[in-house]
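Colleague: Could you take me closely through the enclosed space in this model and the parts of the chain around it? I should like one connected account, with the wider packing as background.

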Amino acid sequence: MNLHAPPVRLDVTAADLHGEAERLRAIGPAVRVELPGGVAAWVITRHGLLQNLLADPRVVKNPAHWQALRDGQVPQGWPLIDFVTNPGMTTADGDDHRRLRGLVSQAFAPRRVQAMRQGIEADVRSLLDRLDAAGPGPVDLRRHFAYPLPMNTVGTLMGVPPERFDDFRDLSAALVSAGTTPEQTLATRQRLHALLTDLVAARRARPRDDLTSYLIAARDDGDRLSEQELIGTLVLVIVAGHGTTQNLITNAVRGLLTHPGQRAALAAGAHEWSAVIEETLRWDSPVAHFPLRYAAEDIPAGDVVIPRGEAILASYAAAGRDPGRYGTDAAEFDIGRPPARHLSFGHGPHYCTGAALARLEAGIALPALFARFPDLRLATAPEALEPLPSFISNSVRRLPVLLRAAEGDGPG
């Protein structure tokens, strides 16, 4: 690797996400890239190195360690500013991180997650009934199935009024979009924080059995988190809690509809649905790159050293298809692949607290969908599916499908 080469400009529209990841892997395990606004970071492209760095205490989340931010080199209205400056679990280390994670983790404890099963099953039946009543299609399965299920789940968990669900969806999408201007970024942040401030005020006045009320009680009774941390934590839960599961469900359906042989083997009982979920997470991670971590000291990474104070971007998309970890067919979707741990929910102290809930939702939604619509198929050519214009959130904009075979058609 040429250590004096200029940073590689990352395609923030993700027009060829996996092609770009392959090219970055060919350069090296750690590659200096340019993010929007001319901001530099190191992308980690290999599974082994990324796993090590995610658990390395020299790799931290507190943006106070980021030299470029301290030096004023991050532009005003930078599109990713909420990811790196919002007080909360994703920007805290050590005792602060353990304190905040401990509060949120109680809402995602195994017993509480399993207690959500009946509600998720009822939501899935309702959504499928609505699809069934709408006719054979085409219908955008991402918009009408993959989105409302996790939004209903996390919205109910947080105590968000249902009439606000779409507002939160739109604002979350804007946060991870490549096309936002500095003015739009500022407006999105202000609107999102205003909605959450309103939610906190409503739940402070009328507490309920939801995560927001619980966090308010922790804030007001024990002073265990600041008001800023309260809002920052709610931002994390609402954005990560529905968008990643929406992408997981969308990507899994797309994987099966474009691999009919594997779909047939699944239907014949040769594989479990859990294999579909785990292979989808590896093959097309719902989060392509997660910003940001920082080197608290100089860190050797393959043939380079990441200097102290520089930013690190975890590339789950690149690690998930690393041939060094998954073999020469790593780019292939294969639900029969021998189980191998992936990093799509992270690793180490910042492992995703909502992983079990995402798996539960997908594990209920996917088999129910294919059981209700055994002739489900794409309504467009696979190559016509447009990727989300985001190097953070990884899926397609729309997933148009036909729910049933037309009269006279053979099996779909």
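Modeller: A cavity, as the term is used here, is a set of grid points where a 1.4 Å probe fits but cannot get out, and its lining residues are those with an atom within 4 Å of such a point. The model is a predicted one. Searching the whole structure yields one cavity of 30 Å³ or more, and the space inside the largest cavity comes to about 30 Å³.

The lining of this cavity consists of Ile44, Leu50, Leu53, Leu54, Val59, Arg293, Ile312, Leu313 and Ala314. Sorted by class, eight of these residues are nonpolar, none is polar and one is charged. Two elements, helix 2 (47–54) and strand 9 (311–315), each contribute at least two residues to the lining.

The lining can be set beside the nonpolar packing. Leu54 and Leu313, both named in the cavity lining, also belong to a separate core of 44 residues, the second one, which includes Ala68 and Leu292 as well. Leu292 is part of strand 6 (residues 289–295). The peptide bond between Pro291 and Leu292 is cis, with omega about -20°. Most peptide bonds, by contrast, are trans.

Aromatic pairs form the next topic. Six of them are found in the whole structure. In one, Trp66 and Trp78 are tilted, with 5.7 Å from centre to centre and 50° between the planes. This pair links distant parts of the chain, 12 residues apart: Trp66 is in the loop between strand 4 (59–60) and helix 3 (67–70), and Trp78 is in the loop between helix 3 and helix 4 (81–85). Trp66 has a relative accessible area of 1%, under the 20% limit, and therefore counts as buried. Trp78 is likewise buried, with a relative accessible area of 1%. Ring pairs join Trp66 and Trp78 with Tyr294 in a cluster.

A further tilted pair is made by Trp283 and Phe333, whose ring centres are 4.8 Å apart and whose planes meet at 55°. Here too the pair links distant parts of the chain, 50 residues apart, with Trp283 in helix 15 (residues 273–283) and Phe333 in the loop between helix 17 (323–326) and helix 18 (355–372). Trp283 and Phe333 are both buried.

For the wider background, the largest nonpolar core has 78 residues, and those with the most contacts inside it are Phe145, Met158, Leu196, Val253, Leu369, Leu376 and Val401. Helix 13 (residues 227–257) supplies the largest share of this core, 13 residues. Apart from neighbours within four places in sequence, Leu196 contacts Met158, Phe168, Ile231, Leu234 and Val235.

An open space completes the account. The second largest pocket has a volume of about 410 Å³. Its lining comprises 22 residues, with His18, Arg254, Asp284, Pro387 and Val396 nearest the centre of the pocket. That lining divides into nine nonpolar, seven polar and six charged residues. Its largest share, three residues, is supplied by helix 1 (residues 17–27). In the loop between strand 1 (8–9) and helix 1 lies Ala14, a residue other than glycine with a positive phi, near 55°. Ala14 is buried, with a relative accessible area of 7%.

Technical notes. Residues are numbered from 1 along each chain as its sequence is written. This is a predicted model: local features need pLDDT of at least 70, side-chain atom pairs count only at pLDDT 80 or more; totals for chains, interfaces and linings use all residues. Side-chain values use heavy atoms; hydrogens and water are left out. A nonpolar core is a set of buried Ala, Val, Leu, Ile, Met, Phe, Trp, Tyr and Cys residues joined through side-chain atoms within 4.5 Å. Buried means under 20% relative accessible area, exposed over 50%, partly exposed in between (1.4 Å probe, protein chains only). Helices (H or I, at least four residues) and strands (E, at least two) are DSSP runs, numbered from the N terminus. Contact means heavy atoms within 4.5 Å. On a 1 Å grid over the protein atoms alone, a cavity is a set of points where a 1.4 Å probe fits but cannot get out, and a pocket is an open set with protein on both sides within 12 Å along at least five of seven lines; lining residues have an atom within 4 Å of a point. Grid points are joined across faces, edges and corners, and a volume is the space filled by probe spheres set on the points. Ala, Val, Leu, Ile, Met, Phe, Trp, Tyr, Cys and Pro count as nonpolar, Asp, Glu, Lys and Arg as charged, and the others, Gly among them, as polar. Rings of Phe, Tyr and Trp (its six-membered ring) pair if their centres lie within 6.5 Å; planes under 30 degrees apart count as stacked, over 60 as edge-to-face and the rest as tilted.
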